[in-house]
Amino acid sequence: MSSREKELKTLLSVTHQINAGLTIEEVLDYAYKTLHVIIPYDRIGFSLLEENDTVLRAHWSCSKAPVIKIGKGYLAPMKGSSLEKVLQTREPRILNDLEAYLKDHPQSKSTRDIVEEGMRSSLTCPLIPSRKPFGFLFFSSMESHKYQDAHVGLFREIAAQIALTLEKSRLYEQVIGFSDLKNRFLGIAAHDLRSPIAVIKGYADLFSEGLLGELTPDQKGPIHSISQHCDKMLSLIRDLLDVSAIEAGHLAMAPRETDLVAYLKKNAVDNRLLSKSKSIEFILEIPEDLPKIMMDPDRIDQVINNLITNAIKFSKPKSRIVLRAVPLENSIAISVTDQGPGIPPGEISKMFQYFGRTNVLPPPGEKSTGLGLAIAKRMVEAHGGKIGVESQPGQGSTFTFTLPLKPS
């Protein structure tokens with residue numbers, strides 16, 4: 001195998017490792033650890049062009065030097081600089097004696113800083129993933145003339161490979177940034193909507209109770225409808241706030257030791273009234289010796305109530321719903337079984353996705369935001385448990401989630 005073939009094989013192996021990184025920092029950390037097999041360096045720096053390519057800002061550096069003077073945030077103007085010429089040629093630049101270069105260019109602050117770090121030679125590679133350059137990768141050595149016999153073509157190939165990977169990472173970080181922005185906007189919008197809707201509901205309830213004057217029979221129906229729609233909007237807002245908190249990693253949890261038997265019995269009393277209004281039998285099947293566990297009762301309430309509400313929503317009158325709890329080896333399994341229409345096998349994967357909907361439609365008048373099960377899944381997982389569903393079309397569904405006996 002020729003030396004050229006060995007170089008290309010090594011480059012392929014190294015870039016494969018580098019490509020494993022997602023963020024810019026991960027990619028460059030991989031580069032610093034692996035590229036030394038094909039290129040000498042004591043320092044690597046990465047800088048991005050900003051403000052319409054008029055400014056170069058350092059974003060990352062890793063060095064054997066005890067002090068890094070050109071670190072993250074370091075700024076340098078492009079106009080009139082030697083790097084401006086590197087962009088024009090699009091070719092790697094080698095400076096084999098940085099001290100001599102500094103004597104000839106005493107006005108170059110970045111050269112002075114890198115020399116003070118202890119570097120004596122450098123290789124500058126413009127990063128050009130497609131047509132437009134977006135930054136530079138700087139290799140530096142504490143020895144002068146380290147790149148004197150270097151193969152410029154190999155450096156060009158290294159820069160091209162890393163440029164593509166870094167561009168991927170930049171796009172990935174932008175997507176993450178946009179997702180964070182979306183979550184913040186969602187949280188702010190939902191929070192700001194909650195107060196005025198709560199005020200509208202408050203006035204509607206005052207009218208319904210006759211505290212603001214007697215209503216005529218024709219007025220009572222619309223006022224009651226306003227209050228009901230406010231309840232639906234407030235429920236949606238609560239879901240949106242939960243989604244925002246979950247996606248931002250800020251879901252508040254307040255676990256405490258809970259008597260599961262008393263807790264499930266109380267939950268059954270509350271939900272039995274809801275099922276009775278639709279002529280559905282509600283059954284609680286739990287052993288009396290269930291252990292106490294650490295959990296957030298309010299969050300698990302959301303999970304169980306969502307599962308029971310969905311079961312009621314999709315069940316026909318005269319059917320039944322069963323809430324069960326079964327102790328397992330290291331956890332408690334809580335399930336809700338209904339006699340509804342069931343879920344087609346190919347659509348079960350949609351059940352726990354945000355806004356995931358199946359072709360099984362609820363009865364007329366029943367509505368869903370498509371958020372409840374996705375939120376329930378995140379809340380169960382936040383407890384260290386799992387949630388799933390078993391269902392067959394025409395044979396109902398059983399949603400089961402587990403809670404660990406010992407908090408994770």
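**Figure 1. Helix 5 and its packing partners.** The buried residues of helix 5 pack against strand 1, helix 4 and strand 6. This view, like the others, comes from a predicted model. Four names make up that buried set: Thr-111, Asp-113, Ile-114 and Val-115. Helix 5 covers residues 109-116. Gly-118 follows the helix, and its phi is positive, near 110 degrees.

**Figure 2. Strand 5, covered on both faces.** Strand 5 spans residues 121-127. Seven of its seven residues are buried, which leaves the strand mostly covered. On one side sit Ser-121, Leu-123, Cys-125 and Leu-127, all buried. On the other side are Ser-122, Thr-124 and Pro-126, buried as well. In a regular strand, side chains alternate between the two faces of the sheet.

**Figure 3. Strand 5 and its pairing with strands 4 and 6.** Strand 4 (residues 93-95) pairs with strand 5 in the antiparallel sense, over three bridges. Strand 6 also runs antiparallel to strand 5, and seven bridges join these two. Follow Thr-124 to see both pairings. Thr-124 of strand 5 is the bridge partner of Arg-93. Towards strand 6, the bridge partner of Thr-124 is Phe-138. Thr-124 is also one of the buried residues of strand 5.

**Figure 4. A salt bridge between two loops.** The structure holds 14 salt bridges. Side chains of opposite charge can pair when their charged atoms come close. Here the side chains of Asp-53 and Lys-132 meet, at 2.9 Å from N to O. The pair links distant parts of the chain, 79 residues apart. Asp-53 lies in the loop between strand 1 (43-50) and strand 2 (55-63). Lys-132 lies in the loop between strand 5 (121-127) and strand 6 (135-141). Asp-53 is partly exposed, with a relative accessible area of 30%. Lys-132 is partly exposed too, at 49%.

**Figure 5. A salt bridge from helix 4 to a loop.** Glu-99 and Arg-120 join their side chains in a salt bridge, at 3.5 Å from N to O. This pair also links distant parts of the chain, 21 residues apart. Glu-99 belongs to helix 4 (residues 98-104). Arg-120 belongs to the loop between helix 5 and strand 5. Glu-99 counts as partly exposed, at 39% relative accessibility. Arg-120 is partly exposed as well, with a value of 22%. It falls in that class because buried means under 20%.

**Figure 6. A salt bridge and a salt-bridge network.** Glu-143 and Lys-146 form a salt bridge, their closest N and O atoms being 3.5 Å apart. Glu-143 is partly exposed, with a relative accessible area of 46%. Lys-146 is partly exposed, with 32%. A second panel shows a network. Its salt bridges link Lys-201, Asp-205 and Asp-231.

**Figure 7. Ser-275, a buried residue in helix 8.** Ser-275 has its place in helix 8 (residues 260-276). Its relative accessible area is 0%, so Ser-275 is buried. Ser-275 touches Ile-280, Phe-282 and Ile-312, not counting residues up to four places away in sequence.

**Figure 8. The cavity and its lining.** Rolling a probe the size of a water molecule over the atoms shows where empty space is left. The structure holds one cavity of 30 Å³ or more. The largest cavity has a volume of about 40 Å³. Leu-307, Asn-310, Ala-311, Val-336, Asp-338, Leu-373 and Phe-399 line the space. Helix 9 (residues 297-314) gives the largest share of this lining, three residues. By type, the lining divides into five nonpolar residues, one polar and one charged.

**Figure 9. The second largest pocket.** The volume of the second largest pocket is about 710 Å³. Its lining takes in 35 residues. Closest to the centre are Ala-76, Leu-83, Ser-108, Ser-110 and Thr-111. The lining divides into 18 nonpolar, 14 polar and three charged residues. Thr-111 ties this view back to Figure 1, as one of the buried residues of helix 5.

Definitions and conventions:
Residues are numbered from 1 along each chain as its sequence is written. This is a predicted model: local features need pLDDT of at least 70, side-chain atom pairs count only at pLDDT 80 or more; totals for chains, interfaces and linings use all residues. Side-chain values use heavy atoms; hydrogens and water are left out. A salt bridge is a side-chain nitrogen of Lys or Arg within 4 Å of a carboxyl oxygen of Asp or Glu. Buried means under 20% relative accessible area, exposed over 50%, partly exposed in between (1.4 Å probe, protein chains only). On a 1 Å grid over the protein atoms alone, a cavity is a set of points where a 1.4 Å probe fits but cannot get out, and a pocket is an open set with protein on both sides within 12 Å along at least five of seven lines; lining residues have an atom within 4 Å of a point. Grid points are joined across faces, edges and corners, and a volume is the space filled by probe spheres set on the points. Ala, Val, Leu, Ile, Met, Phe, Trp, Tyr, Cys and Pro count as nonpolar, Asp, Glu, Lys and Arg as charged, and the others, Gly among them, as polar. Contact means heavy atoms within 4.5 Å. Two strands pair if DSSP finds at least two bridges between them.
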